Amino acid sequence: MAFARLRSAVLPTIVGYLFLCAAAMAQGPRFEVSFPASLQAQPITGRLIVVLARRDSPEPRLTISELGPPIYGIDVDQLQPGSPAVVDSRALGFPLKMSELPAGDYYAQAVMNVYTECHRTDGHSVWVYMNDGLGMHLLNTAPGNLYSEPVKVHVDPAAPSTVKLELSKVIPPDPEPQDTAWLKHVKIKSELLTRFWGHPVFIGATVLLPKGYDEHPHAHYPVVYVHEHGIPFQFTTDASHEEQEKRGARAANVETGYEFYQSWDSDKFPRFIAVTFHQPTPFFPSSYSINSANDGPYGDALTKEMIPYLQQHFRIIDQPYARLVEGASTGGWETLALQLHYPDFFGGAWVFNPDPIDFQNWQLINIYKDDNAFEVPGFPEFHSSERPFRRSTEGQVIYTQRKMSLFEAVMGSHGRSGDQIDAWEAIYGPVGQDGYPVPLWDPLTGKIDHNVALYMRDHGYDLRYYAAANWPTLGPKIVGKLHFFSGDMDNFYLNLAVYRFQEFLEGTKDPHYEGEFSFGRPLKGHNWHRTTWAELVREMADYVRKNTPAGQNVAEWNY
């Protein structure tokens, strides 16, 4: 009885104290963000980001990045026109909490990632950003998203203030690319992906034609499917930006787009068709060219819809020996995945600095054994060492796994940041009960979910594990087809998984096949290529000639 009386006296005091604490936490800057009915008549569900930058040029929204200014994000659900959404100290922030911001002058700008509700064939209804199949954007530049004008504000976390921001502008759609004599653009509606998403899904391709294509109407050509971010081989007939592009090209050991054009247009250059795909997903600007529980059947869309369409409309040799794949980074992983998962369809793979191809080295994390993605295991009590995400080629850490995970958590909940960690989880991982990707680790604590890791492994996304598990049937189909290239100081530690893949191939039996591996040394980073694109095409042409079946007419494309 005495305890009950004490509880009745103390409990209201505790509740009141907690209420005051919550109110205090909400003090400081308060951003009220709305949009007018004249801009958008219907309510919006999406992710709202407020950026606080020291400068207004470039626009703060365009500086959003892992090394950019502070950002704060909240989800909005059916926000009505004219009704404000509030972003304050309770919002998740990167790289600082709002209460930790240095007092001073900032330029505030809001951007809204506008979601569409999709009713998928797996029975889940999800809200995601649906792209148009053309561009590769994060939310700050994605067509259809809303943003405000930058407003100069004084921010003091210790003093309450209210700033009103109006989402008054819409990011315009990407312009339709224009065909030229060399470049042709293709965009098709994927029936497979449309069925999966319950919403129209488009995929595209840019086709680079060889010299003399129109003058030789009966010639058919080998093709290289290039998994890069942009036009195949950075091809351009415009020399106006040549000097500023040379520095970056030389650092990666490649030529500029204009230099490649000069080779492509020369009389003695091999006649190839080169194709780059455009296959952005609701979770990332690239599908990784593989079937996925969260993203849908992008691998099948590519091999059963897009490539057959290209073969019908362009004079491509419809044989595996003349159907090659090449790519770097994301494209490097795609290239190897396509060759391993469709071994009879593709005739050779040139894999440059791929995303992790052995999940014992998910960068520096062993997702099967490690318990935490952020901290290096084995340090004594009261000590810890942060795992890096990115480094310079000299080894200087640029940012950590913890920072990258926090950045993505602010950019989007439920795996919808559109950035790298969320992309891997969406592409490789299982679907959660809520219909969204299950995280491999908690984005705020780093705790790894080993059930997710095992799902990724057992469903074919750990490419080294997949190759080893299927070697008796897969090995004979890929002998002679694998070519790997990686810098010894890859900025994202991706070379470590390539070393593991090399070790696996060196130990293969029945058949024994060691592949081809080239590692740039010393201090070669993520963009390093063993040779220029022009030399690579010459190498591929020699490869096709060598593997052309008897009776096939090499001369028709080797003019």
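The following dialogue goes through several features of a predicted model.

Me: How should I begin with the overall fold, and how many helices and strands does the protein have?

Reply: A count of secondary structure elements is a useful start. In this predicted model, the protein comes to 13 helices and 23 strands.

Me: What does the radius of gyration say about the protein?

Reply: The value is read against that of a compact globule. For 559 residues such a globule would have a radius of gyration near 24 Å, and the protein has 26 Å, which agrees. Along the principal axes, the C-alpha atoms fill a box of roughly 100 × 55 × 45 Å.

Me: What share of the residues is buried, and what does the protein expose?

Reply: Burial is judged by relative accessible area, with under 20% counting as buried. Buried residues make up 54% of the 559 residues. The protein exposes about 24,000 Å², of which carbon and sulfur atoms supply 53%.

Me: How are contacts to be read with respect to sequence separation?

Reply: One considers how far apart in sequence the partners are. Among contacts with a separation of 6 or more, 72% are between residues 24 or more positions apart.

Me: Where in helix H5 is there a kink?

Reply: One may take the span of the helix, and then its bend. H5 covers residues 298-313, and its 16 residues reach 21 Å from first C-alpha to last, close to the 22 Å expected. A kink of about 25° lies at methionine 306, shortly before proline 308. Met306 is also one of the buried residues of H5, which include Tyr298, Asp300, Glu305 and Gln311.

Me: Is tyrosine 72 buried or exposed?

Reply: The relative accessible area decides the matter. Tyrosine 72, in strand E3 (residues 71-79), has a value of 0% and is therefore buried. Its side chain reaches the backbone oxygen of leucine 96 at 3.1 Å. Tyrosine 72 and arginine 416 are 344 residues apart in sequence, and their C-alpha atoms are 15 Å apart in space.

Me: Why does serine 518 count as buried, and which residues is it in contact with beyond its neighbours within four places in sequence?

Reply: The cut-off is applied first, and the contacts are then listed. Serine 518 belongs to strand E23 (residues 516-520). Its relative accessibility is 15%, so serine 518 counts as buried, the limit being under 20%. Leaving aside those neighbours, serine 518 is in contact with Phe484, Phe485, Ser486, Trp528 and Arg530.

Note on methods:
Residues numbered from 1 in each chain as written. Predicted model: local features only at pLDDT ≥ 70, side-chain atom pairs only at ≥ 80, totals over all residues. Heavy atoms only, no water. Helix = DSSP H or I, 4+ residues; strand = E, 2+ residues; numbered from the N terminus. Expected span 1.5 Å × (residues − 1). Bend = angle between axes of the 7 residues up to and from the residue. Buried < 20%, exposed > 50% of the residue type's maximum accessible area, 1.4 Å probe, protein only. Contact = heavy atoms within 4.5 Å. Rg over C-alpha atoms; globule rule 2.2 N^0.38 Å. Areas by Shrake-Rupley, 256 points an atom, 1.4 Å probe, with all protein chains shown as cover. Polar contact = N/O pair within 3.5 Å; in protein donor to acceptor, adjacent residues only side chain to side chain.
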